[in-house]
Amino acid sequence: MYVQGKCYKCGGFMAVDGSEDASVCPFCGKPFIVEKAIQNFNETAPHDIGVEKASYDYDSDFVVERSVLIRYNGYTKKDVRIPDGITVIGESAFQGMNNIESVYIPDGAELISEGAFSGCKNLQAIHIPDSLITIDREAFNGCMSLKNINFPDNLKNIEAGAFIG
């Protein structure tokens, strides 16, 4: 079962296999103990009081709260089709998913949040709908294989460093 973890060295958020003892950070290459990475994430993750938390259902590929895609859990899929009704791709929702090669974002999506696809080294193509208004900072940081992207006419903001690396 995959859960969220955080690298002690670079601070990168990542999906870690909870059944493993150790792994290597996909961002900085440092080895880490899985249990400590999970604890590091739990200690540093924001805990908003009074905010309804998303229920993490590992039988589903998508963790959604209201119309915000919080996290993607399809660790082996190459082609991803985000479900209809999503208006925001949340911060770091796909971070470090090196298996992904293409993503289809549905009509109605308005924002790709900070770091949403950062570290997706094999991401080659992304469909962006006409409804998209903003691509936030470092949304595609480190997506070095990205070569097919069309920007809609309605896109108003591409924040600093959105495609850095």
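How many bridges join β8 to β10, and do these strands run parallel or antiparallel? In this predicted model, β8 and β10 are joined by 2 bridges and run parallel. Within this pairing, Ile 89 has Ile 112 of β10 as its bridge partner. The pairing belongs to an open sheet of 6 strands, ordered β5-β6-β8-β10-β12-β14, in which the pairing is mixed. The edges of this sheet are formed by β5 and β14, each of which pairs on one side only.

Both kinds of pairing are found along this order. The strands β5 and β6 run antiparallel and are joined by 4 bridges, with Val 64 standing opposite Leu 69 of β6. The two strands form a hairpin with 2 residues between them. In the turn of that hairpin, Arg 66 adopts a positive phi of about 55°. On passing to the next pair in the order, β6 is joined to strand β8 (residues 88–89) by 2 bridges, and these strands run parallel. Here Val 68 stands opposite Val 88 in β8. In a regular strand, the side chains alternate between the two faces of the sheet.

For the chain as a whole, the secondary structure comprises 1 helix and 14 strands. The chain has 165 residues, of which 39% are buried. Its exposed surface amounts to about 9,100 Å², and carbon and sulfur atoms supply 47% of that area. Among contacts in the chain with a separation of 6 or more, 24% are accounted for by residues 24 or more positions apart.

Aromatic interactions were examined next. A search of the whole structure yields 6 aromatic pairs. In one of them, the ring centres of Phe 62 and Tyr 72 are 5.1 Å apart and the ring planes meet at 50°; the pair is therefore classed as tilted. This pair links distant parts of the chain, with Phe 62 in strand β5 (residues 62–65) and Tyr 72 in strand β6 (residues 68–72), 10 residues apart. The pair thus involves the two strands that form the hairpin. Both partners are buried: Phe 62 has a relative accessible area of 19%, and Tyr 72 has one of 1%. Because the limit for a buried residue is under 20% relative accessible area, the value of 19% places Phe 62 in the buried class.

A further aromatic pair is formed by Phe 151 and Phe 163, with an edge-to-face arrangement, a distance of 5.8 Å from centre to centre and an angle of 80° between the planes. This pair also links distant parts of the chain, 12 residues apart. Phe 151 lies in the loop between β13 (148–149) and β14 (157–158), whereas Phe 163 lies in the segment after β14. Phe 151 is partly exposed, at a relative accessible area of 42%, and Phe 163 is likewise partly exposed, at 32%. Ring pairs join these residues into a cluster that contains Phe 62, Tyr 72, Phe 94, Phe 117, Phe 140, Phe 151 and Phe 163. The cluster therefore includes buried members, such as Tyr 72 at 1%, and partly exposed members, such as Phe 151 at 42%. An interaction between a charge and a ring is also present: the charged end of Arg 81 sits over the ring of Tyr 104, at 4.0 Å from its centre.

Two individual sites were considered in addition. Ser 118 is located in the loop between β10 (111–112) and β11 (125–127). With a relative accessibility of 7%, Ser 118 counts as buried. The side chain of Ser 118 reaches the backbone oxygen of Gly 115 at 3.1 Å. Ser 118 and Ala 93, although 25 residues apart in sequence, have a C-alpha to C-alpha distance of 9.0 Å.

The second site, Ala 22, lies in strand β3 (residues 22–24). Ala 22 is partly exposed, as its relative accessible area is 48%. Apart from its neighbours within four places in sequence, Ala 22 is in contact with Phe 32, Ile 33 and Val 34. The C-alpha atoms of Ala 22 and Lys 36 are separated by 9.3 Å, the two residues being 14 residues apart along the chain.

Methods
Residues numbered from 1 in each chain as written. Predicted model: local features only at pLDDT ≥ 70, side-chain atom pairs only at ≥ 80, totals over all residues. Heavy atoms only, no water. Buried < 20%, exposed > 50% of the residue type's maximum accessible area, 1.4 Å probe, protein only. Polar contact = N/O pair within 3.5 Å; in protein donor to acceptor, adjacent residues only side chain to side chain. Contact = heavy atoms within 4.5 Å. Areas by Shrake-Rupley, 256 points an atom, 1.4 Å probe, with all protein chains shown as cover. Phe/Tyr/Trp six-rings, centres within 6.5 Å; stacked < 30°, edge-to-face > 60°. Lys NZ or Arg CZ within 6 Å of the ring centre and 35° of its normal. Pairing = 2+ DSSP bridges.
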